[in-house]
Every structure is written in structure tokens, then in C-alpha cells.
Amino acid sequence: MTWTVAAERFDSPDASALRRDYYDEVASRYWQRPATAGEIDAGLDNDGADLLVPPTGQFVVGRYGSKAASCAGLVLTEAAGPGTAELTRVYVRPAFRGTGGGGLLLAAVEEAARAYGVRLLRLDTRGDLVEARGLYTKHGYREVPAFHRRQYAEHWFAKEL
């Protein structure tokens with residue numbers, strides 16, 4: 001099997017399912033119990049995903065063979081200054097972790113960011129998302145001082161493109 005990663009609307013059936021699985025995992029880890037369907041729905045409601053389309057961003061879906069297995073988003077952030085964007089909603093379904101898809105996912109978002117003229121890609125994550133922090137470090141992201149004070153953010157990373 002091989003990986004492919006391509007731009008896809010954030011609200012396509014596969015992308016919606018991946019975003020739902022992403023939120024289920026991060027919420028369940030945070031609360032240290034399974035998230036309810038209502039909690040997942042509430043988290044996805046007005047979550048800013050509408051910015052993940054041109055000209056304000058992009059969403060990509062990774063497939064392992066024909067199975068939707070990963071996703072990530074790019075948001076162009078005016079407040080951060082010109083040439084800066086944020087990486088968001090990075091997720092690889094557990095069954096597909098360790099197969100190289102995470103790195104391909106990051107590469108696809110970085111390529112999209114460069115096409116928008118982005119020179120600095122940054123993100124935040126939580127301490128309990130150990131796999132994500134390892135993925136970012138492995139692919140050249142360095143931990144940086146906090147660049148915002150949003151709830152749930154505990155670690156901040158950036159990469160110059």
C-alpha cells in the first residue's frame with residue numbers, strides 16, 4: 001500500500017469523518033474518558049474549519065491505499081503577520097500511525113503554505129499529544145515561546161519554510 005495526500009474540502013464525507021475522529025481523540029484524551037457524540041458535535045460546531053479553503057487556507061486528506069487515514073489544515077493568519085500561517089487539525093488514524101503518512105501529510109501542507117507565500121508555519125499542541133509533538137520535532141519543527149494564550153495550548157512549534 002502507498003500513501004497519497006491531496007487537497008480536499010473540509011466538509012467532504014471523508015474529511016468530515018477524519019475531523020470527527022480527530023476531535024474525538026483529542027477530547028477523549030483531555031477528559032481522560034470517551035467523549036460523547038454531543039461533546040464532539042459541540043466541538044466541531046463553529047470550529048473555524050470554514051477557513052480551511054482558499055483563499056484563507058487549505059485542508060488535505062491522506063489516503064493509505066484507498067482508505068482515508070489522515071488529515072491536516074492550513075490557516076493563513078493575518079494577525080500573525082504576512083508570511084505566517086498555522087498548521088491545524090493534524091491527525092493520523094491510530095491504525096495508520098508509523099507507516100510514514102504523518103511526514104507526507106506535513107510535506108503536503110508545507111507545499112501548500114509555500115504556494116501561498118508563507119515563510120513561517122507554526123502550531124500549538126497539548127502536552128498529552130506525545131505522538132504529535134514527536135512528529136513535529138522529527139520533521140524540523142522547533143519548540144518556540146508561546147505566540148498566543150488559547151485554551152488547551154501547552155506547547156508551541158514553528159518551522160521556517
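**Exercise 1.** In this predicted model, work out in which sense S1 and strand S2 pair, and over how many bridges.

*Solution.* Start with strand S2, residues 57–64. Line it up with S1 and you get antiparallel pairing over 5 bridges. For a concrete pair, pick Thr4: its bridge partner in S2 is Arg63.

**Exercise 2.** Now zoom out: find the strand order of the open sheet and name its edge strands.

*Solution.* Step one, walk across the 7 strands: the order reads S1-S2-S3-S4-S5-S7-S6, and the pairing is mixed. Step two, look for strands that pair on one side only; those are strand S1 (3–7) and strand S6 (142–144). Step three, check the twist: neighbouring strands are turned by 30° against each other on average, ignoring direction.

**Exercise 3.** Determine which strands helix H3 touches, and what angle its direction makes with that of S3.

*Solution.* Take residues 101–115, which form H3, and list the strand contacts: S1, S2, strand S3 (67–76), strand S4 (84–92), strand S5 (120–125) and strand S7 (155–160). So much for contacts; the angle between the directions of H3 and S3 is about 35°.

**Exercise 4.** Compare the span of helix H1 with the expected value, then find its buried residues and what they pack against.

*Solution.* H1 (residues 13–31) has 19 residues, and from first C-alpha to last it reaches 27 Å, close to the 27 Å expected at 1.5 Å a residue. Next, burial: with the cut-off at under 20% relative accessible area, the list is Ala15, Leu18, Arg19, Glu25, Val26, Ala27 and Ser28. These buried residues pack against helix H2 (37–44), S2, S3 and S4. Finally, step past the helix end: Gln32 follows H1 and has a positive phi, near 55°.

Definitions and conventions: Residues numbered from 1 in each chain as written. Predicted model: local features only at pLDDT ≥ 70, side-chain atom pairs only at ≥ 80, totals over all residues. Heavy atoms only, no water. Pairing = 2+ DSSP bridges. Helix = DSSP H or I, 4+ residues; strand = E, 2+ residues; numbered from the N terminus. Axes fitted to C-alpha atoms, helices over the stretch in contact; angles between N-to-C directions. Contact = heavy atoms within 4.5 Å. Expected span 1.5 Å × (residues − 1). Buried < 20%, exposed > 50% of the residue type's maximum accessible area, 1.4 Å probe, protein only.
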